[in-house]
Amino acid sequence: MLAFAAQGERRCLGVRRAGRWLVCPYAAVLDGESAKDQCARCAQLDRSRSVAADTMADDPRPYAVYLAYFGPGLLKVGITAAERGPARLVEQGAVAYAWLGRGPLMAARRAEALLGSALAIPDRFTKAAKRAARGVLPAVPERCAELAQLHARARQLGGWPETLEPLEFACTDHTELFGLDRVPAGAAVLGGLTAGAEIVGEVLAGAGSDVYLRLVGGVEGAAGEAEVRRSGAGQGAGAGGPWPVAVMDARLLSGWVLGAAAGRVTTVPVLPARTAGPGGPERGGERGGEQEGLF
């Protein structure tokens, strides 16, 4: 069970340097609706030496290229520091994945670009598309077969970087780790926190930064509860109870001081699920569109 309230103001988390966090010198207040946990100036400093922003090309660490599966037709390519292992795949909520190659940073970058240009494989998807796919996933063998097909096509491409060691196909699935069998289709969406707002619910599952909650006791306000119920969000056999199931982006908690909830119901906005078709790449500025902690 979770029952907490946001206190005070949401503050910028500052910058991580030399293995430790440096406090934001501006004490900047952040928007409660944004997944970003840094102010613009701290974010700019962060990206001044970043693999994700291509400002750290001299990184000597080995990198791994991966293929990640989020649902039928939702397969992407990405890279991560080899020393991190599968952490990046867990962070972004990949339903299943397979390693493709391993080698120097720039070789991994070239392989990533090669798949993008030759096979039109994107490097990201919208959060809405990922959420929509989680509630209607095919069986594990079908997921692995789609990954295996793409892995084979990628290995057959010409122009593969010579310094990138190709890796044999092996599929890893996160159904048990995330609790994907407890994720209902059409879960409602929790909005951003404001000072004094409370969230009360039972954790059902978690995929990446998304936490699925059964809102015990419903939601505050008859109108809000009625709207979620009319949408059918998170109800039926998959929901496991009479109250709506909603998904919370845990990144929206960053920067808040959290205290115990005083009430027994959720008081943040609870919205019907957003529909999303497959394949839409994430765009800068879209809520949830940023890739955090890439490497």
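Let's start by selecting Ala27, which you will find in the loop between strand E3 (20-22) and helix H1 (40-46). Keep in mind as you go that this is a predicted model. Ala27 is not a glycine, yet its phi is positive, at about 50 degrees. Show the surface around Ala27 and you will see a partly exposed residue, with a relative accessible area of 43%.

While you are in this part of the numbering, add Tyr26 and Arg41 to the selection. Arg41 lies over the face of the Tyr26 ring, at 3.7 Å from the ring centre.

Next, jump to Ala120, in the loop between H3 and H4. Here too a residue other than glycine has a positive phi, near 55 degrees. Is Ala120 buried or exposed? Ala120 counts as exposed, because its relative accessibility is 59% and the exposed class begins over 50%.

**The aromatic pairs**

Now colour the aromatic side chains. The structure holds three aromatic pairs. For one of them, select Tyr66 and Trp99: their rings sit edge-to-face, 6.4 Å centre to centre, with 80 degrees between the planes. This pair links distant parts of the chain, with Tyr66 in strand E4 (residues 63-71) and Trp99 in strand E6 (residues 96-103), 33 residues apart. Switch on the surface and compare the two partners. Tyr66 has 1% relative accessibility and so counts as buried, while Trp99 is partly exposed, with a relative accessible area of 23%.

Stay with strand E4 and move to Phe70. Which arrangement do the rings of Phe70 and Phe125 adopt? Their centres are 6.2 Å apart and their planes are at 70 degrees, so the pair is edge-to-face. Phe70 is in strand E4, and Phe125 is in the loop between helix H3 (105-118) and helix H4 (127-134); 55 residues separate the two, and the pair links distant parts of the chain. Both Phe70 and Phe125 are buried.

Before leaving the aromatics, add Tyr97 to your view of Tyr66 and Trp99. These three residues form one aromatic cluster.

**Strand E10 and its neighbours**

Select residues 198-207 next. This is strand E10, and the strand is mostly covered, with seven of its ten residues buried. Add residues 2-7 on one side of your selection list: strand E1 runs antiparallel to E10, and four bridges join the two. To find a place where they meet, look for Leu2, which stands opposite Gly201 in E10.

Then add residues 210-214, which make up strand E11. E10 and E11 also pair in the antiparallel sense, over five bridges. What is the bridge partner of Gly206 in E11? Pick Val211, and you have that partner. The two strands form a hairpin with two residues between them, and Gly208 in the turn has a positive phi of about 65 degrees. As you look along the strands, remember that in a regular strand the side chains alternate between the two faces of the sheet.

**A cavity to finish**

For the last stop, turn to the enclosed space inside the model. The count comes to two cavities of 30 Å³ or more. The second largest cavity holds about 30 Å³ of space. To frame this cavity, select its lining: Leu190, Gly191, Leu193, Ile199, Met248, Asp249, Leu252 and Leu253. Colour those residues by character, and the lining divides into six nonpolar, one polar and one charged. Ile199, one of the lining residues, also brings you back to strand E10, which spans residues 198-207.

Key. Residues numbered from 1 in each chain as written. Heavy atoms only, no water. Buried < 20%, exposed > 50% of the residue type's maximum accessible area, 1.4 Å probe, protein only. Pairing = 2+ DSSP bridges. Phe/Tyr/Trp six-rings, centres within 6.5 Å; stacked < 30°, edge-to-face > 60°. Lys NZ or Arg CZ within 6 Å of the ring centre and 35° of its normal. 1 Å grid on protein atoms, 1.4 Å probe; cavity = no way out; pocket = protein on both sides within 12 Å on 5 of 7 lines; lining within 4 Å. Points joined across faces, edges and corners; volume = space filled by probe spheres on them. Nonpolar A, V, L, I, M, F, W, Y, C, P; charged D, E, K, R; others polar.
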